[in-house]
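The following exercises call for reading a structure step by step. Please examine the sequence and the coordinates before consulting each solution.

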Amino acid sequence: MSAPTETPGGPREHREYREGRHDREARPGDGSVKSRLRARARKKARRQRKRGFVRRKVCRFCADSTLRLEYKDAKSLRLFVTETGKIIPRRISGNCARHQRPLAIAIKRARHLAILPFAGQGL
Ligand SMILES: [Zn+2]
């Protein structure tokens, strides 16, 4: 990169590349925080896709509307609890915030009724 030798096409190409990127990023009009955050997330996803290990996580409850969220349903709640009884975080389970919130409440409710354990069976 910082080599002093200059190929005739080299620096010019580099500059064009950077300008093009700049144009794409600085879009006029939408400067809200949300849109900026979304843009950053998109950029991150693009970068990860290039590296080739990304697998888009999908919220199960969003994907399948027949799936219900109930504290009585220990079988399905167990999917979102670790062996030691902890609630699996959203960044790992892939749940969206809108579904993770009631899910956590349902798990806590189930624990209170001894449907789910507070601490796991593995202990
Ligand atoms: Zn969801």
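Four exercises follow, each with a worked solution.

The structure is a predicted model, in which local features need pLDDT of at least 70 and side-chain atom pairs count only at pLDDT 80 or more, while totals for chains, interfaces and linings use all residues. Residues are numbered from 1 along each chain as its sequence is written.

**Exercise 1. Overall description**

Task: Determine how many helices and strands the protein chain has, and describe the confidence of the model.

Solution.

1. Helices (H or I, at least four residues) and strands (E, at least two) are taken as DSSP runs, numbered from the N terminus. On this basis the protein chain has six helices and zero strands, in the order α-α-α-α-α-α from the N terminus.
2. A residue is buried if 20 or more other C-beta atoms lie within 10 Å of its own, exposed if 12 or fewer, and partly exposed in between, with C-beta atoms placed from the backbone. Of the 123 residues, 7% count as buried.
3. Two residues are in contact if their C-beta atoms, placed from the backbone, lie within 7 Å. Among contacts with a separation of 6 or more, 68% are between residues 24 or more positions apart.
4. Confidence is given by pLDDT, the predictor's confidence in each residue, from 0 to 100. The chain has a mean pLDDT of 78, and 70% of its residues reach 70 or more. Among the elements, helix α1 (residues 10–25) has the lowest mean, 51, and α6 the highest, 95.

**Exercise 2. The two faces of helix α6**

Task: Check the length of helix α6, then establish where its buried residues lie around the axis.

Solution.

1. The expected span of a helix is 1.5 Å times one less than its number of residues. For the 16 residues of α6 (residues 97–112) this should be 22 Å, and the end C-alpha atoms are 23 Å apart, which agrees.
2. The buried residues of α6 are Gln100, Leu103, Ala106, Ile107 and Ala110. Viewed down the helix axis, these buried residues fall within an arc of 125° (the arc of the directions from the axis to the C-beta atoms), so they line one face of α6.
3. An α-helix has 3.6 residues a turn, so residues three or four places apart point the same way.
4. The buried residues of α6 pack against α4 (74–77) and α5 (90–93). The face turned away from the buried side carries the exposed residues Ala97, Arg98, Ile105 and His112.
5. Isoleucine 105, for instance, is exposed because 12 other C-beta atoms lie within 10 Å. Its C-alpha atom is 8.2 Å from that of tyrosine 71, with the two residues 34 apart in sequence.

**Exercise 3. The nonpolar core**

Task: Identify which residues make up the largest nonpolar core.

Solution.

1. A nonpolar core is a set of buried Ala, Val, Leu, Ile, Met, Phe, Trp, Tyr and Cys residues joined through C-beta atoms within 7 Å.
2. The largest such core has seven residues: Leu77, Phe80, Leu103, Ala106, Ile107, Ala110 and Leu116. Its largest share, four residues, comes from α6.
3. In soluble globular proteins, nonpolar side chains tend to be buried together.
4. Apart from neighbours within four places in sequence, leucine 116 is in contact with Ala74, Leu77, Val81, Ile107, Ala110 and Arg111.

**Exercise 4. Residues outside the helices**

Task: Classify leucine 67, leucine 79, leucine 113 and alanine 114 as buried, partly exposed or exposed.

Solution.

1. Leucine 67 is in the loop between α3 (60–63) and α4. It is partly exposed because it has 13 other C-beta atoms within 10 Å. Not counting residues up to four places away in sequence, leucine 67 touches Arg60 and Phe61.
2. Leucine 79 is in the loop between α4 and α5. It has 10 C-beta neighbours inside 10 Å and therefore counts as exposed.
3. Leucine 113 is in the segment after α6. It counts as exposed because it has 11 C-beta neighbours inside 10 Å. Its C-alpha atom is separated by 9.1 Å from that of lysine 72, 41 residues apart along the chain.
4. Alanine 114 is also in the segment after α6. With 8 C-beta neighbours inside 10 Å, alanine 114 counts as exposed. It takes a positive phi of about 60° although it is not a glycine.
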